[in-house]
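Trainee: I'm new to this one. Can you walk me through it?
Mentor: Sure. Take a look, then ask away.

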Amino acid sequence: MQENSKELTNVGLQSYVKNLDQHEQIKLKTYVAIRFSKSYLTVNDKFAGRRLFTPAELLALQTIIDKELWKQ
């Protein structure tokens with residue numbers, strides 16, 4: 001099965017977040033924590049690479065980032 005080159009990976013997600021300013025990072029992480037019903041610290045660990053997002057979470061994050069839902 002061939003993977004879509006636009007699919008978000010844990011490493012790609014870390015790069016995306018590093019390119020955001022601090023205020024945007026906090027806003028994105030807070031949005032994800034609320035939507036995924038996770039603690040902010042857990043989400044922060046996942047964005048930092050200390051824990052990994054599940055494939056389902058990565059798929060949801062792809063939509064959140066592509067549609068910029070977290071910026072609304």
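Trainee: Which residue does Glu68 form a salt bridge with?
Mentor: Glu68 pairs with Lys71, and the closest N and O atoms are 3.5 Å apart. A salt bridge here is a side-chain nitrogen of Lys or Arg within 4 Å of a carboxyl oxygen of Asp or Glu.

Trainee: Is Glu68 buried or exposed?
Mentor: Glu68 is partly exposed, at 39% relative accessible area. Lys71 is partly exposed too, at 37%. Buried means under 20%, exposed means over 50%, and partly exposed is in between (1.4 Å probe, protein chains only).

Trainee: Where do these coordinates come from?
Mentor: This is a predicted model: local features need pLDDT of at least 70, side-chain atom pairs count only at pLDDT 80 or more, and totals for chains, interfaces and linings use all residues. Residues are numbered from 1 along each chain as its sequence is written, and side-chain values use heavy atoms, leaving out hydrogens and water.

Trainee: What is the mean pLDDT of the chain?
Mentor: The mean is 89, and 92% of the residues reach 70 or more. pLDDT is the predictor's confidence in each residue, from 0 to 100.

Trainee: Where is the pLDDT below 50?
Mentor: Over residues 1-5. That stretch has zero contacts beyond near neighbours in sequence. Contact means heavy atoms within 4.5 Å.

Trainee: Back to salt bridges. How many does the structure hold?
Mentor: Five. One of them joins Glu57 and Lys46, with the closest N and O atoms 2.9 Å apart.

Trainee: Which parts does that pair tie together?
Mentor: Glu57 lies in helix H4 and Lys46 in helix H3, so the pair ties together parts that are 11 residues apart in sequence. Helices are DSSP runs (H or I, at least four residues), numbered from the N terminus.

Trainee: Is Glu57 buried or exposed?
Mentor: Glu57 is buried, with a relative accessible area of 10%. Lys46 is buried as well, at 9%. Both belong to a salt-bridge network with Lys38.

Trainee: Which residues of H3 are buried?
Mentor: In H3, residues 40-48, they are Thr42, Val43, Lys46 and Phe47. Seen down the helix axis, they fall within an arc of 135°, so they line one face of H3. The arc is that of the directions from the axis to the C-beta atoms.

Trainee: What do they pack against?
Mentor: Helices H1 (10-18), H2 (22-36) and H4 (55-66).

Trainee: And what follows H3?
Mentor: Gly49, with a positive phi near 90°.

Key:
Helices (H or I, at least four residues) and strands (E, at least two) are DSSP runs, numbered from the N terminus.
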